[in-house]
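Visitor: I am new to protein models. Could you show me how to read one, feature by feature?

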Amino acid sequence: MTNRGPSYGLTKEVQDKIQASYDMDLEQKCKDWIATVIGEPFPEEGTFQENLKDGKILCRLMQTLAPQTPIKTNDSKMAFKQMENISHFLEGARKDLGVGAHDLFQTTDLYDNSNMTQVLNGITAVARHARAKNKNLPPLGPDLSTENRRNFDEETLNKGHTILGFQAGAFKGATQEGMTFGRPRAL
């Protein structure tokens, strides 16, 4: 998995674009949010990816956000056990918090350091959904939007049928009559 050679062509372009969109400020906000929620400082040594790679911090985070669902944290150094920890976090985010799969990252995005931008976006999505369930949590990014259904009566709806917008051709009599540009057409 992590022993891939250098990428070329379109793969390299896509990888460069993903790496260029990485936001160091959002990384620091995610570190601060995780540390606040789990109640212990985020490790200073190592990179963000190295600290989250074994999945232990993510498991502690999910146990704090959704204590009703116990998550077994693997302390093994074996790759598949560490990836299992990440999968436990992602599964808890989907089932317990209601985060959509499209908002989350894949296990290999974090473990192989292949798309850390999506990891940041996934953690932000988890924070958004967790805050929707518990307003006492600190914010990370915008709050989750809520439905604001509008109920109009028939009379109000019918009033909209009588209004013509400018795109409907009602320009108060303005036409192109008399407008000439350039030389006239010679027949």
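Guide: We go from the whole chain to helix pairs and then to single residues. This is a predicted model, where local features need pLDDT of at least 70, side-chain atom pairs count only at pLDDT 80 or more, and totals for chains, interfaces and linings use all residues. Residues are numbered from 1 along each chain as its sequence is written, and side-chain values use heavy atoms, with hydrogens and water left out.

Visitor: How many helices and strands are there in the chain?

Guide: Helices (H or I, at least four residues) and strands (E, at least two) are DSSP runs, numbered from the N terminus. Here the chain has 8 helices and 0 strands.

Visitor: What share of the chain counts as buried?

Guide: Buried means under 20% relative accessible area, exposed over 50%, and partly exposed in between (1.4 Å probe, protein chains only). Of the 187 residues, 33% count as buried.

Visitor: How many residues of α1 are buried?

Guide: Helix α1 covers residues 9-20. The number buried is 0 of 12, so α1 lies largely in the open.

Visitor: What span is expected for α1?

Guide: Take 1.5 Å times one less than the number of residues. For α1 that gives 16 Å, and the helix reaches 17 Å from its first C-alpha to its last. Now try α2: its 15 residues should span 21 Å, and its end C-alpha atoms are 21 Å apart, which agrees.

Visitor: Which residues of α2 are buried?

Guide: Among them are Leu26, Cys30, Trp33 and Ile34. Lys31 and Glu27 are buried too. The cover over the buried residues of α2 includes α3 (48-52), α4 and α7 (116-133).

Visitor: At what angle do α2 and α4 cross?

Guide: Axes are lines fitted to C-alpha atoms, for helices over the stretch in contact, and angles run from 0 to 180 degrees between N-to-C directions. Helix α2 (residues 24-38) and helix α4 (residues 56-65) cross at roughly 55°, and their axes come within 9 Å. That makes α2 oblique to α4. Angles under 35 degrees count as roughly parallel, over 145 as roughly antiparallel, 65 to 115 as roughly perpendicular, and the rest as oblique.

Visitor: Which residues make that contact?

Guide: Contact means heavy atoms within 4.5 Å. From α2 come Trp33, Ile34, Val37 and Ile38; from α4 come Ile57, Arg60, Leu61, Thr64 and Leu65. By class, the contact of α2 with α4 has 7 nonpolar, 1 polar and 1 charged residues. Ala, Val, Leu, Ile, Met, Phe, Trp, Tyr, Cys and Pro count as nonpolar, Asp, Glu, Lys and Arg as charged, and the others, Gly among them, as polar.

Visitor: How do α4 and α5 pack?

Guide: The angle between α4 and helix α5 (residues 79-95) is about 25°, with the axes 8 Å apart. They are therefore roughly parallel to each other. In α4, Lys56, Leu58, Cys59, Leu61 and Met62 meet Asn85, Ile86, His88, Phe89, Gly92 and Ala93 of α5.

Visitor: Is Asp109 buried or exposed?

Guide: Asp109 is found in helix α6 (residues 107-111). Asp109 is buried, because its relative accessible area is 11%. Not counting residues up to four places away in sequence, Asp109 touches Ser114, Asn115, Met116, Gln118 and Val119.

Visitor: What is phi of Asn113 near?

Guide: Most residues other than glycine have a negative phi. Asn113 has a positive value, near 60°. Asn113 sits in the loop between α6 and α7. With a relative accessible area of 43%, Asn113 is partly exposed.
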